[in-house]
Amino acid sequence: MSKHIALGVDIGGTGIKAAPVNLKTGKFADDRYRIPTPQPATPDAVAKTVARVIAKFSPGKHTPIGVAFPGVVQHGIVKTAANVDDSWIGTDLRAIIRDYAGHDVHVLNDADAAGYGEYKFGAAHGQNGSILMTTLGTGIGTAMIVDGTLVPNLELGHIMIDGHDAEERAAESARDRYGYDWDQWIAELQKYYSEIERLLWPDLIIVGGGISKSHHMFLPELRLRAPIVPAELLNGAGIVGAAAAAAAADKVEKAEQKAAAKKEAKAEAKRSKKAAKAS
Ligand code: BGC
């Protein structure tokens, strides 16, 4: 794969999707590949499938690979699994995927990936201030990007509204769960976003997830302080953001390794000088 390509993988409740992403344009460099998420979505079954979608694109040794996961991922470790198998909690996501795929990867929360993707290449491209990304799907994912810096693992889909976990009534899945028509769902969304705005003062709210394709059906109905706009990368935001975040993290890790090697070389030189003096 060329130097400007990174691979993005998005683990979802129903599908595991991947595509190579051109890091200059944010566009897919090849068709997206999708395999249904194995059920039950246990760590081994999912990691095996992730390895298959990665292998499909035969990434080079130095191709950055980013993997987005639908739960809190803190320093590579899965901390919550609201919409995937509970056995994920405590798993070293980075290590398990590396073992199955035979390639190092970077891992992050799916909404964080989507928010980063929208900041780099989509609806918030190059915008400063506080950008709130929300993804409406099986759950509600949230991410905040402040002056270009991602604040990881914001779990604002789980704030309590009327005594309920917000995502239960306002995620896209709630439409099926409760048989809501558009007006009923919009009323839930209004409650949700108003509460969010009571607590945070974002400059811009972005709405992603599959339903964002039908944004004209609900976004114009919402009365909010901040502008609320559909994601521009639609359902591809997670893949694009995961790829871009992996490329950025790779750069940081390489710089850190270089600095550590330089420090070690300096220390070694000092040691041999001392030893030479002593002999
Ligand atoms: C999870 C989040 C995730 C979101 C979207 C929520 O239930 O807690 O971590 O980002 O679903 O998948």
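**Exercise 1. Find the partner of D104 and place both residues.**

Solution. D104 pairs with R94 in a salt bridge, with 3.0 Å between the closest N and O atoms. The pair ties together distant parts of the chain: R94 sits in helix 2 (93-101), and D104, ten residues apart from R94, sits in the loop between helix 2 and strand 7 (106-109). For the term itself, a salt bridge here is a side-chain nitrogen of Lys or Arg within 4 Å of a carboxyl oxygen of Asp or Glu. Helices (H or I, at least four residues) and strands (E, at least two) are DSSP runs, numbered from the N terminus.

Before going on, keep in mind that this is a predicted model: local features need pLDDT of at least 70, side-chain atom pairs count only at pLDDT 80 or more, and totals for chains, interfaces and linings use all residues. Residues are numbered from 1 along each chain as its sequence is written, and side-chain values use heavy atoms, with hydrogens and water left out.

Next step: is D104 buried or exposed, or in between? Buried means under 20% relative accessible area, exposed over 50%, and partly exposed in between (1.4 Å probe, protein chains only). D104 has 36% relative accessibility, so it counts as partly exposed.

Last step: widen the view. R94, R98, D104 and E253 are linked in a network of salt bridges.

**Exercise 2. Go through further salt bridges.**

Solution. Start with the total: the rule gives ten salt bridges. One of them joins the side chains of R175 and E172, at 3.1 Å from N to O. E172 is partly exposed, because its relative accessibility is 27%.

Then take R198 and E195, whose closest N and O atoms are 2.9 Å apart in a salt bridge. How far apart are R198 and E195 in helix 6? They are three residues apart in helix 6 (residues 182-199), so about one helical turn separates them. R198 counts as exposed, at 57% relative accessibility.

**Exercise 3. Locate the patch of positive charge on the surface.**

Solution. Look for K258, K262, K266, K270 and K274, which gather in such a patch. The recipe takes residues with over 30% relative accessible area and no salt bridge, and joins like charges within 9 Å. Lys and Arg count as positive, and the place of a Lys charge is NZ. Areas come from Shrake-Rupley with a 1.4 Å probe.

Now zoom in on K266. K266 belongs to helix 7 (residues 237-278), and its relative accessible area of 66% makes it exposed. A248 also lies in helix 7, but is partly exposed at 30%. The C-alpha atoms of A248 and H106 are 9.9 Å apart, although their positions lie 142 residues apart along the chain.

**Exercise 4. Pick out the unusual backbone angles.**

Solution. Begin with the baseline: most residues other than glycine have a negative phi, and most peptide bonds are trans. Q39 and P40 are joined by a cis peptide bond, with omega about -5°. P40 is in the loop between strand 3 (33-36) and helix 1 (43-56).

Turning to phi, H75 is not a glycine, yet has a positive phi of about 50°. H75 lies in the loop between strand 5 (73-74) and strand 6 (77-78), and is exposed at 77%. D147 has a positive phi too, near 45°, in the loop between strand 9 (140-146) and strand 10 (149-151).

Conventions: Patch = residues over 30% accessible without salt bridge, like charges linked within 9 Å, V, L, I, M, F, W, Y side chains within 5 Å.
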